[in-house]
Amino acid sequence: MRATCSRNRLSELLRCRGQGQWQFQCPYQLSPARGMTRGRSVKERSKKKRVHALEVAIERWKVLSKVLTVVEALKKEEEHVTPLKRLEILRPQLGLVKPHKVAHFVRRSPHLFEVCRDNRGVMWAGLSPQAEALVEEESRLLEEHSPTAAQYVTRMLMMSVDRRLPIDKIAHFRRDMGLPHDFRTRWVHMFPEQFRVVRLEDGEYLQLVSWNPNWAVTELEKKAAASAGDANASPPGELSLPFPMKFPPNFTSYYRFRGKAHHYVKTGNTEQFQKMTYLSPYAEAKGLTPGTPEFDKRAVAVMHEILSFMLEKRLVTDHLTHFRREFVMPQKLMRLLLKHYGIFYVSERGKRLSVFLTEAYDGTELIEKCPLLRWREKLLQLTGYRGRMKNIGKFDASSDSEDYLLGGDDDTVLDIESENSDDILDGCSISDDSEMDLGDTDELCRD
């Protein structure tokens, strides 16, 4: 039957062509009953509602993240020194492509990294005295932060549907939550009264040991209780607290796309969403139906709570999507984040998207900063890239490319392996008889 209809339609088209009535039609125009919509990507949907201050914050984080990658690689080496060529395996993590080298990246931060040539002509890289002092300070701050980080990890286990999470997935949050470098080997065994490691067929999991009712309270509830002067914790159930929303000064509630008005935030829908009661992230959520308003609002509450646990109140969106099943969140999580603009802000700079908790920021700065964040600010002050962040008026998706990181064109980048590098490295040498165990190069790429 379908083949007969197709042949009849083709015969009709050929007959029209012979009569001079031929007009080209796209396949979706052949059947008036079917229409195709033009999809818009995430960037097209949110291009006109960028928050400049948070874009500056994401650029600062991207630079800091790449510097921390090199610092952590050198920390794993004996005496914090390694041949410069060995650092080349970090090229993918730093976003560098040939002909740019990790050596160029290292040379841009002389206050953090020292580059030397030994008597055999081998180039070596190591941490500067200032960086060594910062590394010792970080170790102390991580130990002090461990009880707080353990509480946040425990609360994540309490929110999960099975009261356990894969350790590999928690490792994605290591830097964001302030977990120590030995998170997998030592830290997970330090709090046996809160969680323990269990080995299942598909890997290692962190299992909740005991439920703490005092921790089954959201950060939003704590702020509301502090404002009302009520310190009594109630069992997790339905909540009716509105989510704080923050918009940029020049914000407009709609924009025009292809001649039509599209609303970022519909006032009526927003008021209805804020008044709706929702299930606490710590309550049982197996009975919720995906796609319902109650399901979506609980997912917003879960994401709000997880972002509140992060040091910078910001996460790479990929890390959130890894936990869709464990935290009972919708499959199209990005659509939910974009829908609730004002509660969250999604930045598209670079190859990976990041989501912010807007209420936690005042311009480019966090309102509340822990000691670990202030330590990162000190580390950023010793880098050579922050001058480029003063002029980011143009939003370029490739801003994390090698030219941005290196601070200029190829002509301005110093090649430390050139003939003129001897003058720069004069007076810095490593003896031939220095012995060090360089270890396996795979360790440099491991979290």
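**Entry 1: H7 against H12**

I started with the crossing of H7 and H12, and it comes out left-handed. A reminder to myself: I am working from a predicted model.

Next I looked up the geometry. H7 covers residues 129–159 and H12 covers residues 293–309. The two helices pack at about 165°, and their axes are 10 Å apart. Angles over 145 degrees count as roughly antiparallel, so H7 and H12 are roughly antiparallel to each other.

Which residues of H7 and H12 meet? From H7 I noted Tyr152, Arg155, Met156 and Met159. On the H12 side they meet Arg298, Glu305, Ile306 and Phe309. I sorted the residues of this contact by class: five are nonpolar, three are charged and none is polar.

**Entry 2: an aromatic pair**

I then went through the rings and found 13 aromatic pairs in the structure. One of them is Tyr152 with Phe309, and this pair is stacked. The ring centres are 4.7 Å apart, with 15° between the planes. I checked where the two rings come from: Tyr152 is in helix H7 and Phe309 is in helix H12. They are 157 residues apart, and the pair links distant parts of the chain. Both residues were already on my list for the H7 and H12 contact.

**Entry 3: H4 against H15**

I moved on to helix H4 (residues 52–75) and helix H15 (residues 371–381). Here the packing angle is about 80° and the axes are 10 Å apart. The range for roughly perpendicular is 65 to 115 degrees, so H4 and H15 are roughly perpendicular to each other.

H4 brings Arg60, Val63, Leu64, Val67 and Leu68 to this contact. H15 meets them with Trp375, Arg376, Leu379 and Leu380. What classes make up the contact of H4 with H15? I get seven nonpolar and two charged residues, with no polar ones.

**Entry 4: the sheet with S11, S12 and S13**

I looked at an open sheet of three strands, in the order S11-S13-S12, with antiparallel pairing. The edge strands are S11 (314–316) and S12 (344–347), each of which pairs on one side only. Ignoring direction, neighbouring strands of this sheet are turned by 20° against each other on average.

How many bridges join S11 to S13? I find three, and the two strands run antiparallel. S13 spans residues 354–357. For one bridge I wrote down the partners: Leu315 goes with Val355 in S13.

Then I asked which strands H4 touches on this sheet. H4 packs on the sheet and touches S11, S12 and S13, and its direction makes about 120° with that of S13. H12 also packs on the sheet, touching S11, S12 and S13. The direction of H12 makes about 85° with that of S13. I can now tie the earlier entries to this sheet: H4 is the helix that packs with H15, and H12 is the one that packs with H7.

**Entry 5: S4, S5 and S6**

Last, I followed the pairings of S6 (residues 203–208). With S4 (residues 164–166), S6 pairs in the antiparallel sense over three bridges. Leu165 has Leu206 in S6 as its bridge partner.

S6 also pairs with S5 (residues 195–200), again in the antiparallel sense, this time over six bridges. Leu200 stands opposite Gly203 in S6. What joins S5 to S6? I see a hairpin there, running through two residues.

Key:
Residues are numbered from 1 along each chain as its sequence is written. This is a predicted model: local features need pLDDT of at least 70, side-chain atom pairs count only at pLDDT 80 or more; totals for chains, interfaces and linings use all residues. Side-chain values use heavy atoms; hydrogens and water are left out. Axes are lines fitted to C-alpha atoms, for helices over the stretch in contact, and angles run from 0 to 180 degrees between N-to-C directions. Helices (H or I, at least four residues) and strands (E, at least two) are DSSP runs, numbered from the N terminus. Angles under 35 degrees count as roughly parallel, over 145 as roughly antiparallel, 65 to 115 as roughly perpendicular and the rest as oblique. A crossing is left-handed if the near helix is turned anticlockwise from the far one by less than a right angle, and right-handed if clockwise. Contact means heavy atoms within 4.5 Å. Ala, Val, Leu, Ile, Met, Phe, Trp, Tyr, Cys and Pro count as nonpolar, Asp, Glu, Lys and Arg as charged, and the others, Gly among them, as polar. Two strands pair if DSSP finds at least two bridges between them. Rings of Phe, Tyr and Trp (its six-membered ring) pair if their centres lie within 6.5 Å; planes under 30 degrees apart count as stacked, over 60 as edge-to-face and the rest as tilted.
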